[in-house]
Amino acid sequence: MGRRLKGVAGVRWGDLRDATGAPASGIPALLSRIAYGDERTACAAVDELADGVCALGFVVAEATAPAVPFLLELAASPGVVCRPALWDLLENVCRAAQWHSAAAGSASDYRRQLGWETAARSAVHAGRPVVEAVASSVRPEEAEPARRLLRAMDGTPPFPGE
């Protein structure tokens, strides 16, 4: 996959499910299309990937947390097109609390889903140095989406027990 996305092959994507319930084995190809595709190809891949890692903009799955470091890498890479959409996706992942909300009012067992949400938010928070570096850019079109993510991170601390 080139210099970008160096560790993507080390994730067992086929053992994970995405937010649609499908095997997450297609995530590496989507990440590659984002990293190396032209604008049309990359933006379409971001849209498709968003459905898999944060469906409807607020439902994460077990494949979300492993995808976050690659999303951060691509969002911070100057040669990648559709970077604002990647920052938006990361913000959605950071804010996702659907499973925690559902578990709060239910006796149902959401332990697995709570773990996915906790891991996803933790992965975004772990990328804070990357986000801060981009947020300090003198180019507003680069800095502002990263600053929005920082504000989201500040407003959505890790879940209790993390």
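Colleague: Let me get the terms straight: buried means under 20% relative accessible area, exposed means over 50%, and partly exposed is in between. Is R128 buried, partly exposed or exposed?

Modeller: R128 has 23% relative accessibility, so it counts as partly exposed, because that value falls in between the 20% and 50% cut-offs. One thing to keep in mind as we chat: this is a predicted model.

Colleague: Noted, thanks! Where is R128 found, and what does R128 touch beyond residues up to four places away in sequence?

Modeller: R128 is part of helix α7. Leaving out residues up to four places away in sequence, R128 touches L150, M153 and D154. There is also a distance for R128 and A146: they are 18 residues apart along the chain, with 9.7 Å between their C-alpha atoms.

Colleague: L150 and M153, are those in α8? Which residues of α8 are buried?

Modeller: Yes, both are on the list of buried residues in α8, which reads E142, A143, P145, A146, L149, L150, A152 and M153. A146, from the distance to R128, is listed there too.

Colleague: And what do the buried residues of α8 pack against?

Modeller: They pack against α4, α6 and α7.

Colleague: How many residues does α8 have, and how far does it reach?

Modeller: Helix α8 covers residues 140-155, which makes 16 residues. From first C-alpha to last it reaches 22 Å, close to the 22 Å expected at 1.5 Å a residue.

Colleague: A glutamate in that buried list caught my eye. What is the relative accessible area of E142?

Modeller: E142 has a relative accessible area of 17%, and it is buried because that is under 20%. Setting aside neighbours within four places in sequence, E142 is in contact with R83, V134 and S137.

Colleague: Let's zoom out. How many helices and strands are in the protein chain?

Modeller: The protein chain has 8 helices and 0 strands. Its radius of gyration is 15 Å, close to the 15 Å from the globule rule for 162 residues, so the chain is as compact as a globular protein of that length.

Colleague: And what does the C-alpha trace span along its principal axes?

Modeller: About 45 × 35 × 25 Å. Of the 162 residues, 44% count as buried. Take contacts between residues at least 6 apart in sequence: 64% of those join residues at least 24 apart.

Colleague: What about the surface? How much area does the chain expose, and how many positive and negative side chains are there?

Modeller: The chain exposes about 8000 Å², with carbon and sulfur atoms supplying 54% of that. On the charge side there are 17 positive and 19 negative side chains, and the centres of the two sets lie 3 Å apart.

Colleague: Back to the helices. Is α3 mostly covered or mostly open?

Modeller: Mostly covered: 9 of the 12 residues in α3 are buried. Among them are T64, F70, L71, L72 and L74.

Colleague: What covers the buried residues of α3?

Modeller: The cover includes α1 (27-36), α2 (39-53), α4 (83-95), α6 (111-126) and α7 (128-135).

Colleague: How far apart are the end C-alpha atoms of α3?

Modeller: They are 16 Å apart, which agrees with the 16 Å that 12 residues should span at 1.5 Å a residue.

Colleague: I always like a tryptophan. Is W99 buried or exposed, and where is it found?

Modeller: W99 has 18% relative accessibility and counts as buried, because that is under 20%. It is found in helix α5, residues 98-104. Apart from neighbours within four places in sequence, its contacts are V59, V60, Y110, Q113, L114, W116 and E117.

Colleague: How far apart are W99 and V60?

Modeller: Along the sequence, 39 residues; in space, 8.5 Å from C-alpha to C-alpha.

Colleague: Last one: what is phi for L5 and for L56?

Modeller: L5 has a positive phi near 60 degrees, in a residue other than glycine. L56, also not a glycine, has a positive phi of about 60 degrees.

Colleague: Where do they lie, and is each buried or exposed?

Modeller: L5 lies in the segment before α1 and, at 0% relative accessibility, counts as buried. L56 lies in the loop between α2 and α3, and with a relative accessible area of 70% it is exposed.

Key: Residues numbered from 1 in each chain as written. Predicted model: local features only at pLDDT ≥ 70, side-chain atom pairs only at ≥ 80, totals over all residues. Heavy atoms only, no water. Helix = DSSP H or I, 4+ residues; strand = E, 2+ residues; numbered from the N terminus. Expected span 1.5 Å × (residues − 1). Buried < 20%, exposed > 50% of the residue type's maximum accessible area, 1.4 Å probe, protein only. Contact = heavy atoms within 4.5 Å. Rg over C-alpha atoms; globule rule 2.2 N^0.38 Å. Areas by Shrake-Rupley, 256 points an atom, 1.4 Å probe, with all protein chains shown as cover. Lys, Arg positive; Asp, Glu negative; His and termini not counted. Charge placed at Lys NZ, Arg CZ, Asp CG, Glu CD.
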